[in-house]
Amino acid sequence: MAATLIWISLLVGLLAGLGGTEIQQTTLHPLVGRVFVYTLDHDAFLQLPEHVAVPVTYHAHLQGHPDLPRWLRYTQRSPHHPGFLYGTATPEDRGHQVIEVTAYNRDSFDTTRQRLVLLIADPEGPLLPYQAEFLVRSHDVEEVLPSTPASLFLTALGGLWEPGDLQLINITSALDRGGRVPLPIEGRKEGVYIKVGSASPFSTCLKMVASPDSQARCAQGQPPLLSCYDTLAPHFRVDWCNVSLPGLSEQVDKSVPEPADEVPTPGDGILEHDPFFCPPTEATARDFLTDALVTLLVPLLVALLLTLLLAYVMCCRREGRLKRDLATSDIQMVHHCTIRGNTEELRQMAASREVPRPLSTLPMFNVRTGERLPPQVDNAQVPLILDQH
């Protein structure tokens, strides 16, 4: 009874604490086509004192839904590391979204809730028609999401591309693209895909990396052609065989006019006569009642005939005892009855007789003397071999 009262008081206190907790609200402004990263920091989220390491985990979901929207992802390496909400909004996601985040303190089991109001709008400035995606094998996705590594990557990429107008479009873990979990060896990383966009065309160096000759060298296990210095190394180890330039096909010579599309001429809707095409004529009406009756009645009749035949064999062809007795000769019947009667008479006589039991069935019986006790014989006077006596 005391334990029950303790549990009830704890539940009441927990509910009272949850009811009195004020939910923090933060307004954010993600842009369509630009990467959005929000860090769930332990100190800022739970307002912990400095130099206090507390294991904290998070759970985020769209308000009124059990999961996050399709464009937003959540990751956290361990309860001692910060969590991240990241993704790239699409034009269909434009508008107002509310994300609810709950933090769980794994030491004190306290919970804190925070509401993120996302106002998704279109970005300002020129479009980014030229986009390139790089596979960085030297980092995990959590190591690239903070602003410092991301800015360092754009600065290093400026040596291979036109600097100044590079924008991060998307960041995706290699595990989400079908990559394998690396072995627990120092220096092995999961890998991350970083997509960068720009209003400037691709440089000659990037075009050479995506050329057919470079792809042929990659297929043979050789490094691709790189006509410029790799400014991303040694901070970022890029797999140049997995560089994707989706906008490369759009860089065409605008001085050559494109041929105008031919405008289709509407016709009368009647096909020309073709001797090899013979359309079917109208099908005549058919009556399927006969086919249905034959399909159903024939199996039923066969089953009925087999049932009648089996009933005749089982019920009407039985011989019976009378027919068996008539078919047996009188001498054989008398002989059989005589043997049976004598056997019954012997069994009755054996059951009613009272005679003493045989001596061989009694205990302690000596076969030579007939005594019931074991014989008293001097073994020293009995020769070992009876023929020598």
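User: In this predicted model, which residue forms a salt bridge with Lys189?

Analyst: Let's look at the charged ends of the side chains. The closest N and O atoms of the pair are 2.9 Å apart, and a salt bridge asks for such atoms within 4 Å. So the rule is met, and the partner of Lys189 is Glu143.

User: How many residues apart in sequence are the parts that Lys189 and Glu143 tie together?

Analyst: Start with where each one sits. Lys189 is in the loop between strand 9 and strand 10, while Glu143 belongs to helix 3. The pair therefore ties together parts whose separation in sequence is 46 residues.

User: Is Glu143 buried, partly exposed or exposed?

Analyst: Buried means under 20% relative accessible area, and exposed means over 50%. Glu143 comes out at 29%, and its partner Lys189 at 31%. The value for Glu143 falls in between the two cut-offs, so the label is partly exposed.

User: Which residues do salt bridges that share partners join into one network?

Analyst: One link in this part of the chain is the salt bridge where the side chains of Glu142 and Arg77 meet, at 2.7 Å from N to O. Glu142 is in helix 3 (residues 141-144), and Arg77 is in the loop between strand 4 and strand 5, 65 residues apart. With shared partners taken into account, the network is Arg77, Asp140, Glu142 and Glu190.

User: What about Glu142: buried or exposed?

Analyst: Its partner Arg77 is partly exposed, with 38% relative accessible area. Glu142 has a value of 14%. That is under the 20% cut-off, so Glu142 counts as buried.

User: Which residue forms a salt bridge with Arg73?

Analyst: Arg73 lies in strand 4 (residues 72-76), and its partner sits in the loop between strand 9 (167-173) and strand 10 (192-198). The closest N and O atoms are 2.9 Å apart. Arg73 is partly exposed at 35%, and the partner, at 45%, is partly exposed too. That partner is Asp176.

User: How many salt bridges does the rule count?

Analyst: There's a general idea behind the rule: side chains of opposite charge can pair when their charged atoms come close. We've met a few cases, including Arg73 with Asp176 and Lys189 with Glu143. By the rule, the count comes to 10.

User: Which strands stand at the edges of the open sheet with the order 2-5-4?

Analyst: Three strands form this sheet, and the pairing is antiparallel. Five bridges join strand 4 to strand 5; one of the bridge pairs is Leu72 with Gly87. An edge strand here has a single partner strand, so one of its sides is left without a neighbour in the sheet. The edges are strand 2 and strand 4.

User: In strand 6, what is the bridge partner of Val56?

Analyst: Strand 3 (residues 56-62) is mostly covered, with six of its seven residues buried. Strand 3 pairs with strand 6 (residues 95-105) in the antiparallel sense, over seven bridges. In strand 6, the bridge partner of Val56 is Asn105.

User: Which side chain makes a polar contact with the side chain of Glu133?

Analyst: Glu133 lies in strand 8 (residues 130-136) and is buried, with a relative accessible area of 12%. Setting aside residues up to four places away in sequence, Glu133 touches several others, among them Tyr193, Lys195 and Asn242. The polar contact spans 2.6 Å, and the residue on the other end is Arg177.

Key
Residues numbered from 1 in each chain as written. Predicted model: local features only at pLDDT ≥ 70, side-chain atom pairs only at ≥ 80, totals over all residues. Heavy atoms only, no water. Helix = DSSP H or I, 4+ residues; strand = E, 2+ residues; numbered from the N terminus. Buried < 20%, exposed > 50% of the residue type's maximum accessible area, 1.4 Å probe, protein only. Polar contact = N/O pair within 3.5 Å; in protein donor to acceptor, adjacent residues only side chain to side chain. Contact = heavy atoms within 4.5 Å. Pairing = 2+ DSSP bridges.
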